[in-house]
Amino acid sequence: MDRAMVRFIRYRLLRAGITLLLFQTLLFLMLQAMPGDFVSTLIGLPPPLRRGLRAVMGLNDPLWQQYLRWMRDFFTGHLGTTFRFPHQSVGRILWSLAPRTLFLFLPASVLSIGLGYGLGRYLGGRRRPWDGASLTLTGGAIVAATSFPPWVAFLLVQIFALRLGWFPAENVLRTSRWVGVAVPADTVILWLLGTGALMAGSFYLLGHVTRWHQRRTCLRRVGAIALIGGAVLAWYLSGWGLLALDLLWHLALPLTTVVLLSFGEPMLLMRLATLQVADEDFVRAARAKGLPPQVVRDRHMARLALVPVLARFLIQLPFVMLGSLVVELAFFWKGIGRELLIAIDAHDVPVVMGIFSVVGTLMLLAHVLLDVLHAWLDPRVRTAIAPGMQR
Amino acid sequence: MSEVLVRVEGLSKFFPLTRGLFRESRDFIHAVEDLNFMIAPGESLGLVGESGSGKTTTGKLLVRLLDPTAGHIYLRTDGREVDIATLRKKELKAFRRQVQMIFQDPYESLNPRLTVFDTVAEPLVVQGIGNVLDREERVAEMLAMVGLTPPSSFMFRFPHELSGGQRQRVAIARALVINPTFVVADEPTSMLDVSIRTSIMYLMQELAQRLGVTYLYITHDLAVARYMCQRVAVMYLGKIVEQAETEELLQHPLHPYTRALISAVPIPDPRIKRQPMEIKGSIPTPINPPPRCRFYDRCPIATGFCEENPHPPLEDKGGGHYVACYLV
Amino acid sequence: MGRRSGRKRWLWLWRVLGHPWGVAGLLLIGLFGLMALIHPLLMATVWNRAIYHPLVGFDPDAVPHPAPPSWQHPLGTDPMGRDVLSQLLYGARTSFLVGTVAGVITAILATAIGVTAAYAGGWADTVLMALCDVFVLMPPPVILLILGLLLDLNGLSLAAIYGLLAGLGSPAIVLRAHALSVRVRPFVDAARVAGGGSLHIIWYHLLPFVVPFSMLFLTFAASGAVLSEAILSFFGRTQIRLSWGTMIWFTQITFRWSPAREAWLALLPPVIAISLFCSAFYMVGRAIEETSLEPYS
């Protein structure tokens, strides 16, 4: 890691810090700009009680005091207590809702970007970018990307749940199956997510390790089967197998909905980026070396083409979030998205702001990570003209 | 002493290194330091040096693309000498009518989205000269002068429809369209095919005579300097080490660096044998150079005296031949 | 001798038209434009106001409502007896309003900020980029959903807010990068040496390179804004009188996702319209992207 990289990371973190401050300030201003406050939404309270409540909640203090308190609370990790259920901290609520949302959001993001990346790479690497298959696929992607999310959910439910009965139409789990079960659903969810991550990592390792082996395809197939088999076996032996299955079964439709809505853009971007890189001289050099087209595509072109895809993925993340939100509503999942909307309806400010702050911070972190990754992949970025540093 | 068109005194340009967000820099790149030279009207001065010697920076300073850190650049305008180093923004525009530049890269110095007409007419547009019809006439005139005839067939072409030599002619036309008195040419032929170089240089000479333009010709190639320039200044690491009339410099180089440069030029006659003048290493970094002679590290004849004393000043060794060396 | 120099300024547009998606997208947009324009025409001539008015029309003959397609009502009627086709055509107006306003605001904002930041450099650049960083964290659809609950949003205000949120975010950052890459090219130096001031350089050299990408963001914003409006209207959070989203909302609250056939028929037109409209803009944007990224020679 050279000096330029270190300097870049430092600069990026500094900039992120400023952004975070501005962001929180903006949230505070939005808060103040909203008509009325929480106390005004409570009906039937005599004025003295209102005044007292306001004083206790600190709503009467001068603005700058409230602002300072706001910032201090945020940076010490206190997200406040929800208005609706006194003594329940926002943090605790978010924490409890997180597993379900993550159960949908994480696989959806990974799948949509993975699918998009893979398909886009394939389409972009073809000799003739405009034949039938390519057109149908890209056309389908465009239509899917701009579809009305509730409609997609509706359609999938109609076809696969109600007509065909293959998958359940709503909820995270079937309560009947979980009656009397000692372990909470969230734990199982987290274990499932962990398994998924482990498998993903293992697959990657497998591919990496068998890179140079003669019979790598065979090895990889065997390895994949072994891994999957091992995972299934582990789950079966743990006794939670059926529970996990129930959860996965309920995940199928919502996941498909979000992935359908989201895979289009990464795919199109990746395709475009791959097509462009294909014209670069270093690709021609690789081909001239006699490398098989797959290697040329995957090792040389994809790496550079990956960069804009990652960048746009981040930009697309909010749409994946929106999709997840809508899906949570449509399928009645008790996740953060749905909670957000309920809280807004109830004017439960701490919850709303809490969700915003957390999600915003996470996204900011993702941005910083992405920029750093970008600088790592493409060394030219490390010394690019950074604002304020050089003219 | 006849009137001088351009007189540079003590010109310096330092670039700060790694300016942090809040701190000022402690290290500086001494791109150009304490330059002194003069150019007579109608003359071509060649500025010769290797990469990193500061010659391009000098060119940019003279057209005020960069602002000098110190020093003066006197330009004779309307009989008076104006220090263009201290001009402020508003006065710069008028100054720009007098001093123009031809760039090195014929491919990048023209906007690919603009036609030849747009490009050559741009200075006229910016300086507010004439109306559209006048400009068309003037552009046609210039195109004919640079050898792009018939002008009507070139006027509305785009840069990618022209060859390198043709593009550079367009660049020359653009530089001369508002009748400047002084033109800085930054290696205008180094990116062209060798076979075309002569024709471009010939064109530039011819135009100089016809229009009475003075050149500062920046190049790394001594042969080119010999062809184009009456006087030559050799730069090394931001300083001028030798300055003389071209033939005098080439026949009787005094500074060890100049000698090494000349001896490096191949002579296509196998019968002539010369003693190659070896200098060690490559050009050192211009960051915070020590105050001694800049050439000390590579000089084959350097002595202790050269190390202990500051960089030697340019001195006239007779007949307008200036050298910056203690040992000559 | 005519001044044909302007031709290349619009070359990128011709290229877009040569691209299959560009053509498809523009054709679709044209189609929707036609729809929007036809409606007042039809209302004034062929259609009886009492029956075909998109908001208050009612056809007593085609009971029960919602009615299946017929000769009088090519797309049937909605649960309140209003002609679906009339609503669809009227809704095109709302969509165009929302899409255009959001798109234009986004493009102008992003270009202004991106070019200014790129040209000015130094502290102005840092401040603007920090500001944009904040807006990147605030995705327009989500924010709008929340604002929709608190404020009364009509089509115009929704579009304006969307444009503000979108234009100050990543488009500005991307456009700044493009402007920067142009600013360092020698012909900008040449223009400066010729005496060109900042305004001249921005207008003459920077903008022509940047504007195609502004158009790109315009189309994406238009697409996203219409989609967001549809989602918000679907949840009943807007004060728009009629849009495709409100059509879906209305049908939905009447049928509550029941698989009744009438529900399907009433839902299909607005859903398809939304999808086609958004993908039309999206396609044009993609076409611009694919054609403008080629080097210019």
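Q: How many salt bridges are counted between domain 1 of chain B and domain 2 of chain B?
A: Zero. In this predicted model, no side-chain nitrogen of Lys or Arg in one domain therefore meets the 4 Å cut-off to a carboxyl oxygen of Asp or Glu in the other.

Q: What polar contact does the rule find across the interface of domain 1 and domain 2 of chain B?
A: Three residue pairs are in polar contact, both residues being at pLDDT 80 or more. Each pair therefore has N or O atoms within 3.5 Å.

Q: Which elements of domain 1 of chain B give two or more residues to the side that touches domain 2 of chain B?
A: They are α2 (89-96) and α7 (194-211) of chain B. Of these, α7(B) gives the most, with eight residues.

Q: How do you know that domain 1 and domain 2 of chain B are in contact, and how many residues take part?
A: The count is 17 residues of domain 1 and 14 residues of domain 2. Contact requires heavy atoms within 4.5 Å, so these residues satisfy that limit.

Q: What area is buried between domain 1 and domain 2 of chain B?
A: About 1,500 Å², with carbon and sulfur atoms giving 67%. In domain 1, B:R97, B:P180 and B:L203 lose the most area, together 34% of what that side buries.

Q: What makes β9 and β10 of chain B a pair of strands?
A: They share six bridges in the antiparallel sense. Pairing needs at least two bridges, so β9 and β10 of chain B qualify. B:M235 stands opposite B:I240 in β10(B).

Q: Why are β6 and β11 of chain B said to stand at the edges?
A: In the open sheet of eight strands, the order is β6-β7-β8-β3-β9-β10-β12-β11. β6 (99-102) and β11 (315-316) of chain B each have a single partner strand, so one side of each is left without a neighbour in the sheet.

Key. Residues numbered from 1 in each chain as written. Chains lettered and ligands numbered in written order. Predicted model: local features only at pLDDT ≥ 70, side-chain atom pairs only at ≥ 80, totals over all residues. Heavy atoms only, no water. Helix = DSSP H or I, 4+ residues; strand = E, 2+ residues; numbered from the N terminus. Buried area = accessible area lost by both parts, 1.4 Å probe. Polar contact = N/O pair within 3.5 Å; in protein donor to acceptor, adjacent residues only side chain to side chain.
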